[in-house]
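Let's walk through this model together, going from one chain to the other and then to the place where they meet. Keep the view open as you read.

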Amino acid sequence: MSAPKILMQRGLDHPGKSHTLETYEATGGYRAVRKALDMDPLAIQQEVKTSGLRGRGGAGFPAGMKWGFTPRDSEKPKYVVCNSDESEPGTFKDRWLLENDPHTVIEGIMIAAIAIDCHLAFNYVRGEYSYQGQCFQKAVDEAYAKGYLGKGILGSDYDLDLVVHYGAGAYIAGEETGLLESLEGRKAMPRNKPPFPAVEGLFWCPTVINNTETLAAVPWIIENGGDAYAQYGTEKSKGTKMWSCSGPINTPGVYEVEFGVEMMGFVEEYCGGLMEGVGLKGIVPGGSSVPVMKPEQCQGARMDYEGLLERGSLVGSGGFIVIGDNVSAVDCLLNLAHFYAHESCGQCTPCREGCGWIEQLVGEIRNGNGRQANLTKVLELADAMAGKTICALADAMAWPAVAFIKNYPEDFAKLCAGGVDLEALGEAVSRHDHILPRAS
Amino acid sequence: MRRNVGAEKNTATGGTRDREAVDLAVILPPGSLRKAVEPHPAAEPVTDALSVTVDGVEVRVPAGSTIFQAAEAAGYTPPHFCYHRDLSVPANCRMCLCEVEGQGKLQTSCSISVADGMVVKFDTPRVVEAVEGVLEFEFKNHPLDCPVCDQVGECYLQRYYLEVGKYEPLPMNRIRKLKVVDLGPITMDAERCVLCSRCVRFGEEVTGSADFVIANRSDHSEIKTFDDRPIETDYALNYADICPVGALTSNDFRFRKRVYYLHTVKSICPGCSTGCNVYAEQSEDALYRYRPRYNDNVNDSWMCDPGRTSSNALADTTDRIVAPMARVNGALVEVEWDAAIAQATDAIKRTGGEIAVIAHPDLSNEDLHQLRALVSHAGGRIDFRVADSWQQIDELVDNVLIRRDPYPNTRGALEVLGVADSAQSSVPTILADVAAGKTRGLVVCGWDLGALGEPGREAVKTADWVWFVGPRRVDTLDHADLVLPTAVHVEREGTFTNHAGRVQRFWQSVSLYAESRPAWRVFGDIDAALSGNATPRTALEAFDRLAAEVASFSGLSYAAVGDQGSWLRGWEKETMPPVGIHAMPGVRRPSPE
C-alpha cells in the first residue's frame with residue numbers, strides 16, 4: 001500500500017512549519033493558482049472534471065460538475081464558499097488541514113473562484129474551531145500581506161477577497177444550504193432544493209460551495225493535471241481520501257490513503273491495530289451518520305464510494321470510528337440519538353420530533369425501562385423519517401438507528417425489560433431496513 | 001364519521017353557505033369523496049399550459065405552477081400545514097408529499113414545479129403511510145386537549161388525524177412549552193403549535209412587523225414573540241386565521257362559540273374603502289365574527305383587526321332604530337311603514353320645490369341608485385361628501401390594507417351619484433341653501449350633527465321637514481320629522497364598490513333587525529309613490545336597473561360580479577400587486593411572478 005500524500009505530505013514533512021506561507025511557497029505553493037490565472041476558466045473546470053474529484057463532505061458529488069452548473073452569463077455576483085463547518089461526530093480531517101496546511105485551502109478557494117469568475121469567497125469555519133479558524137485567518141492575513149489576495153491577486157488584474165466567517169455552533173450549518181442561510185445571518189435552516197446553490201445560493205446568487213478537503217485537492221490537480229490525479233484510487237472513486245480514525249485503536253489520527261484500500265488492512269497498517277484486549281465490534285466508516293458495519297462486513301471491504309456502498313455503508317465525511325467489543329450498541333445509538341436530537345434544526349416535522357423520540361425510546365432501553373415495543377417503534381420512526389425531509393439529517397439519524405438494531409439486536413435484547421423475541425425483531429428490521437443505503 | 005364538506009347552497013339568502021371551517025383544508029384518503037374546490041386562479045386555461053395528471057385526472061396548468069396548484073385544479077387539496085397561497089413556501093411540514101412518476105423519493109407538492117406530462121399520485125399506500133407518519137410525529141409533543149381547545153372544528157391537525165390517524169395510543173413524555181400566553185389580541189399556546197412557521201412568514205412578508213420567531217432547535221423549537229411582548233400590529237388576528245392549529249387563537253373570538261355552530265356567508269368588510277372580502281359568520285341570528293376571504297384583486301387572504309372587530313359593533317343592537325317613526329306633537333312615535341312612506345310622499349309633493357339629500361358612503365350601490373332615482377323624480381340635489389376622507393380614498397395608512405377613507409362605498413357613491421367629476425363637495429352649499437330657506441326639505445342618511453357641522457345644525461333647524469334614514473340613533477333624530485330605519489349590510493344583500501373600482505357583492509347573513517328595511521327598498525317605495533315606477537323586488541333587480549342606467553356599471557350583473565367582484569367599466573386592471581411588504585430577501589411566492 002504505497003499511498004501518495006496529495007493533501008498531507010507538506011504537513012508531514014515540515015511539522016510545526018507547514019502552516020506558514022514561507023514553507024508553503026518553498027514547497028511549490030501558489031504555483032497552481034498562477035497557472036490557473038493563465039488558464040481559461042472552462043479549462044480549469046474541465047481539469048477538475050477529468051480528475052474525477054468528488055465532494056468530500058459526504059454526498060460525493062463530482063466537484064467539477066458542480067462548478068460547471070454555475071451560469072456563465074449571470075448578472076449577479078458569484079461566490080465561492082468553503083465549508084469548514086466540520087461537525088460530524090468522528091470527523092476531524094478539515095481540522096488537520098486548517099491547522100497544518102491552510103494555504104492549500106486558500107489556494108484551492110482561489111482556483112475555484114477563478115474557475116467560476118468569483119471575486120468574493122468565504123470560508124465558513126465551525127464556531128468551535130476557534131483555534132483552527134485563527135490558524136486559517138493568520139494564513140489569510142499572510143496572503144493578503146503578500147498581495148496574493150485582495151486587489152489584483154498575484155500581480156494579475158483579478159480581484160479576489162476571502163472572508164473568514166465563524167459559525168455559532170450548529171451541526172446543521174454544515175449542510176450546504178443551511179450554511180448559506182447561516183452565512184446570510186439567519187438560523188441555519190436548510191433550504192429546499194431546487195434551486196441548487198450553483199444557481200441560487202448565497203444571497204440568492206450563483207455559489208460554489210465545497211468541502212475544505214475537496215478544495216484542498218484542487219491545487220495539486222491543477223498543477224499536475226486531472227489525469228495524474230485520476231490515476232490514484234479506483235475506477236469511480238478517484239484520488240485520495242483523508243480518514244480521521246478514532247476508537248480503541250493504537251494510533252488514532254488522520255491518515256490519507258488512496259481510495260480502494262482494504263479496510264482491515266487499513267486498520268492494521270495505519271491505525272496500529274486495535275488496542276490490546278479489545279475485540280472489534282464494528283466500524284462506522286464515514287462519520288456518525290452512516291450505517292455501522294459488523295466485523296464480517298468490514299473484512300475485505302474496499303474503502304471507496306462503491307466498495308462501502310456494496311457493504312451497506314458510505315464514505316460520508318471520512319470519520320472512521322472503530323467500535324470495540326467493550327461497548328454496548330445501545331450506548332452508541334443513545335449517544336448518536338442525543339446528538340441528532342440536539343442538532344436537528346426543527347424545521348421538518350419528521351426530523352424535529354423523530355430524533356428526540358428515538359433518543360427517548362433508546363434512553364428507556366438504556367435505563368432498563370424499555371421493552372421490545374421500543375425497538376419496533378424506533379424502526380418505524382426511522383422509516384417514517386428517512387427521505388422525507390428537506391435535508392439529510394433525518395436520514396443521518398434513521399440509518400444508524402436501523403443499522404445498530406439490525407447488527408446488534410442481542411445488545412438491545414440484553415437491556416430490554418421482559419426480554420426480546422429476536423425473531424420478531426428480525427422481522428421488524430427486515431420491514432424497515434429498506435431505508436439503508438444500498439448499491440442499486 | 002366523515003362529514004360532507006361540500007358547500008351547501010343557502011337558498012334562503014341566495015348566498016353560498018360555506019360550512020368549511022378553514023379554507024381548503026381537507027385530506028382525503030384513497031377512494032373517499034373528493035371535495036369540489038373553488039377554481040384557483042392558476043387553474044384557468046391559458047395558452048402556455050402544461051398537462052399534468054393528478055391521481056388519474058388530467059389538468060392543464062400554467063408553466064411555473066406547483067404540483068399543489070395542479071392538484072387543486074384537479075379537485076384535490078393535499079393535506080398541509082405550512083403551505084399558504086399568499087406566503088412563501090418553506091415545505092417544512094412534510095404533509096403534502098406525493099409520488100412523482102420517475103422519481104424515487106416522495107416530493108413535497110407545494111415546492112416542486114410541474115413539468116409537462118408529469119404524472120403525480122397522492123392516493124398510493126406509500127404516500128398515505130408517509131402522511132400518517134408525519135401526523136404521528138406532530139402528536140408526539142402535542143397536548144390532547146381538544147375538548148378545551150378553541151380551534152376545534154377548524155383545526156387542520158384534528159381534521160387530518162380524523163382521516164388518516166394511526167389511533168395508536170402510546171405512552172410518551174411530552175416536552176413542555178409555554179401555554180396560555182396573552183399576546184394582546186392573541187393568546188398563544190406553544191405546545192399546540194406544529195411549527196409550520198406560517199406566523200413567522202406572515203410577520204416577515206406581509207406586515208413587516210416580524211412578531212414571531214421560532215426559538216430554540218429540534219423538538220424544543222417553539223414560536224415566541226420577543227421577550228413575550230404583546231403583538232402590536234393592526235393585523236394580529238390574521239395570526240389566529242393562518243395558524244392551522246390552536247396555538248394562536250383570537251382573544252376577540254376565543255371561547256365565544258364553537259365554530260361548527262357558525263353559519264358562514266360571504267360578505268365584504270365595511271370598515272374602509274379597501275373592501276376586504278370576508279366571511280360573515282353567525283349563529284342563531286347573532287353575528288360572531290368576520291374571517292378574511294381570498295381575493296387576489298383586493299385583500300389576498302388578509303384583513304385588518306379594526307375591520308374584523310367591526311363585526312362586534314355591527315352585531316350590537318342597543319342603539320338601533322326599531323321601527324319607522326314620525327314626529328307627532330313634538331315627539332317621535334312609531335308608525336307603520338305604509339304610513340311612513342305615505343307621509344314621506346306627501347311631504348315631497350306638498351313642498352313642491354327642490355329637496356336636499358345628504359347621502360352616505362355606507363349605502364350600497366343599489367341604495368344609492370334608488371336614492372338618486374328618487375331625487376331625480378322629486379327634484380333636488382344630492383351629495384354624500386360630508387367628510388374629506390373621499391379625497392384620500394386610495395391612500396394606504398400602513399402599506400398593507402387599511403385606507404384613510406373609512407367608508408366601504410365611496411367609489412360607488414362617486415360613480416352612482418354622478419358627482420365623480422366635481423372636485424368639490426357640494427354638501428356645504430346644499431346645507432347652506434337649506435339654512436337660507438332656498439331648499440325646504442332635507443334628507444339625512446346616517447350622519448350625525450357632529451359630522452354635518454355648523455351648516456348642518458342650521459339646516460335642520462330651518463328646513464320645513466327633515467328625514468333621517470339610517471340604522472342607528474344619532475343626534476340628528478332630535479330634529480327629524482320622519483325616521484326611516486334601514487338595515488346594516490350583513491342583514492341584507494347588495495354591492496359595494498371599493499377604492500379601486502371593484503364592484504363586490506355581499507350576502508345576507510343575519511335577519512333584518514326589527515322593522516328595518518334595506519335602504520333601496522325604502523327609497524324605491526317612496527319613488528314608486530312619486531313616479532309610478534315599481535319598487536325593485538330584490539337587490540338583484542335594483543342592481544340590474546343600476547347597470548342599465550349608470551354607464552360605469554353597464555354590463556355588470558350579480559352573476560358577473562360573483563363572489564370575487566368585477567371591475568367597473570373604465571376601471572379594469574390587469575393584475576394587482578400582492579398585499580403586504582414582501583420586501584424580505586429570498587421571499588418566494590408560491591406562484592411565479
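Among contacts in chain B between residues at least 6 apart in sequence, 66% link residues that are at least 24 apart. Keep in mind that this is a predicted model. The secondary structure of chain B comprises 14 helices and 25 strands, and 52% of its 593 residues are buried.

For one example of a contact across the sequence, go to B:Thr66. You will find B:Thr66 in the loop between strand 4 (57-62) and helix 1 (67-73) of chain B. Its C-alpha lies 5.4 Å from that of B:Val114, although 48 residues separate B:Thr66 and B:Val114 in sequence. Is B:Thr66 buried or exposed? B:Thr66 counts as buried because it has 24 C-beta neighbours inside 10 Å, where 20 or more are needed.

Zooming out, the domain assignment splits chain B into domain 1 (24-140) and domain 2 (325-567). The C-alpha centres of domain 1 of chain B and domain 2 of chain B are 48 Å apart.

Now turn to chain A, where the assignment gives domain 1 (9-230), domain 2 (240-324) and domain 3 (329-435). Between domain 2 of chain A and domain 3 of chain A, the distance from centre to centre over C-alpha atoms is 23 Å. Their contact involves eight residues from domain 2 of chain A and nine residues from domain 3 of chain A. On the domain 2 side, those residues are four nonpolar, three polar and one charged.

Chain A also holds an open sheet of four strands, with parallel pairing and the order 3-2-1-4. Which strands form its edges? They are strand 3 (161-166) and strand 4 (207-211) of chain A, each of which pairs on one side only. From one strand to the next, the twist averages 20°. Five bridges join strand 1 (residues 79-84) of chain A to strand 4 of chain A in the parallel sense, and A:Val80 has A:Val208 in strand 4 of chain A as its bridge partner. Across strand 2 (120-125) and strand 3 of chain A lies helix 8 (residues 130-145) of chain A, which runs at about 165° to strand 3 of chain A.

Finally, look at where the chains meet. The contact draws on 25 residues from chain B and 23 residues from chain A. Helix 2 (residues 125-140) of chain B supplies the largest share of the chain B side, seven residues. By residue class, the chain B side consists of 10 nonpolar, eight polar and seven charged residues.

Notes: Residues numbered from 1 in each chain as written. Chains lettered and ligands numbered in written order. Predicted model: local features only at pLDDT ≥ 70, side-chain atom pairs only at ≥ 80, totals over all residues. Contact = placed C-beta atoms within 7 Å. Helix = DSSP H or I, 4+ residues; strand = E, 2+ residues; numbered from the N terminus. Nonpolar A, V, L, I, M, F, W, Y, C, P; charged D, E, K, R; others polar. Domains from an automatic or database assignment. Buried ≥ 20, exposed ≤ 12 C-beta atoms within 10 Å, placed from the backbone. Pairing = 2+ DSSP bridges. Axes fitted to C-alpha atoms, helices over the stretch in contact; angles between N-to-C directions.
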